[in-house]
Amino acid sequence: MAGDPGDAPEVGGGGIRSVLTTASLVAPSGDEVQFREIDGKIIGLYFAANWYPKCEAFTPVLAAAYEQLKERGAGFEVVLVSCDEDRPSFERFHGTMPWPAVPFGDLSCKKRLSERFQVEGIPRLVVLAPDGGAVVHPDAADLVHRYGERAFPFTAARVAELEADDQRKYASQTLEKLFSVSGKEYVMNSGNNEKAGLQVPVSSLVGKTVGLYFSANHCAPCIKFTTKLAAIYSSLRGKAEDFEVVYVPMDREEDGYLRSCGDMPWLALPYDGAPSRALARYFDVREIPTLVVVGPDGRTVTRDGRNLVNLYFDMAFPFTDAQIRLLQEAEDEAAKEYPRSLRHRGHRHELSIVSEKSGGGPYICCECEEQGLGWAYQCIACGYEIHLRCGQNAEGGSAGTA
Ligand SMILES: [Zn+2]
Ligand SMILES: [Zn+2]
């Protein structure tokens, strides 16, 4: 069996060796790893770099799945293909992983792998079949994020199974089932008043529109969004709309969780990582803040509640497609009243009105720094965009040709 350090790589010799054209692999400890230790296994080539936050975030997710598969004896191995620029960073990064790597010094092997699998973005997890090294999945990183070890063996058939499973779960989703992950039949009052900490039965939420708010105190955008959501919450409750919000804590420390709760006038899951993580995985929450909206029938209305709140404030309620369509139609109608172009004090060129159909897309308004979508006044050359209302309200805005 090949694998002695002195052996020439068996290029084209079949199996994984025809792909991994390096003499041997290296363990996180620096020890050499023989190829026979990974022969016959499904291989995940993990392209990553220490300096990239997304890789830093993905490594522990992959490691958790890897350990579980190892325990199960599943025949899976990961090989790091580092994109690090110097040896100390490589060694530090590799030291956080339980699997072998292509030696840092084998530049030609790393280059060949990058070219062969057309690696442009990292993290990337190319899954290869045990015999022959055929590609089983060109990038299983998303699958691992979403399903953890359940994604194994990453084949199209497995992916179809997992997705069908999801569809079944989503179709029969109820609030009670969602919250059963916490093992409790209640959530708690948060907020800064005498009711804080009191239990509220999940059954009392049934029939309402419920926002599941994934957030954390250490996250600045979360704190900003909490303020906005709180304003909308109180306005909707003032109108007696059946709306409730439940905080799903993504906090790393209980102190942060308690501080978050103090700022929130709604309900909260207890501080216990497991149910929050289970809900985050179930809804495929990748970043915070995220607002998932569940309708009165217990089914998911949207996972995009954050954008809808940013764009439409309390008018987004009840967050359904039908409501959003109405709002967009109202905007199209209102836009007819606006001048086709104008000069605005914030920009030296004339701005033209654009809609989603004429080149407008999602943007951040240069006047109020809030999100916008579709209709805008735009200087296409400079990428300057503002809301129609911000062009109109601002002093110094003057109509051009209508
Ligand atoms: Zn604006
Ligand atoms: Zn300009």
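Which residues point one way from β5, and which the other way? Select β5 and show its side chains. R124, V126 and L128 point one way, while L125 and V127 point the other way. All of them are buried. Keep in mind throughout that this is a predicted model.

**Whole protein**

Zoom out before going further. The protein has 402 residues, and 34% of them count as buried. Its secondary structure consists of twelve helices and 20 strands. The C-alpha trace spans about 75 × 55 × 40 Å along the principal axes. Turn to contacts with a separation of 6 or more: 56% of them come from residues 24 or more positions apart.

Now colour by domain. The domain assignment gives domain 1 as 15-165, domain 2 as 175-326 and domain 3 as 338-399. Put a distance between the C-alpha centres of domain 1 and domain 3: they lie 46 Å apart.

**Back to β5**

Select residues 124-128 again. This strand is mostly covered, with five of its five residues buried. Next, add residues 42-48, which form β3. β3 and β5 pair in the antiparallel sense, over five bridges. Which residue of β5 is the bridge partner of Y46? Look at L125.

Add residues 135-137 for β6. β5 and β6 run antiparallel too, joined by two bridges. Centre on L128; V135 of β6 stands opposite. Then follow the hairpin of β5 and β6, which has six residues between the strands. Stop at G132, where phi is positive, near 90 degrees.

**The sheet**

Show β4 as well. The open sheet now has its four strands, in the order β4-β3-β5-β6, and the pairing is mixed. Which strands stand at the edges? They are β4 (76-82) and β6. Each has a single partner strand, so one side of each is left without a neighbour in the sheet. Turn the view to follow the twist, which averages 30 degrees from one strand to the next.

**Helix α1**

Select residues 53-72. This is α1, with 20 residues. From its first C-alpha to its last, α1 reaches 30 Å, close to the 28 Å expected at 1.5 Å a residue.

Show the buried side chains of α1: C55, F58, T59, L62, A65, Y66 and L69. What do the buried residues of α1 pack against? Add β3, β4 and α4 to the view, and the partners are in place. Two of the sheet strands, β3 and β4, are thus among the elements that α1 packs against. Step just past the helix to G73, which takes a positive phi of about 65 degrees.

**Two cis prolines**

Move on to P153. P153 is in the loop between α4 (141-147) and α5 (156-171). The peptide bond from F152 to P153 is cis, with omega near 5 degrees.

Then jump to P289. Its loop runs between α9 (273-282) and β12 (290-294). Here the bond from I288 to P289 is cis, with omega near 0 degrees.

**Two positive phi values outside glycine**

Select F319. This residue is found in the loop between α10 (305-312) and α11 (321-335). Its phi is near 70 degrees, a positive value in a residue other than glycine. Is F319 buried or exposed? F319 counts as buried because 22 C-beta neighbours lie inside 10 Å, against a cut-off of 20 or more.

Finish at E369. Look in the loop between β16 (363-364) and β17 (371-372). E369 is not a glycine, yet phi is positive here, about 65 degrees. Is E369 buried or exposed? With 8 other C-beta atoms within 10 Å, E369 is exposed; the cut-off for that class is 12 or fewer. Leave F319 and E369 on screen together: F319 is buried, whereas E369 is exposed.

Technical notes:
Residues are numbered from 1 along each chain as its sequence is written. Chains are lettered from A and ligands numbered from 1 in the order in which they are written. This is a predicted model: local features need pLDDT of at least 70, side-chain atom pairs count only at pLDDT 80 or more; totals for chains, interfaces and linings use all residues. Two residues are in contact if their C-beta atoms, placed from the backbone, lie within 7 Å. Domain bounds come from an automatic or database domain assignment. Two strands pair if DSSP finds at least two bridges between them. Axes are lines fitted to C-alpha atoms, for helices over the stretch in contact, and angles run from 0 to 180 degrees between N-to-C directions. The expected span of a helix is 1.5 Å times one less than its number of residues.
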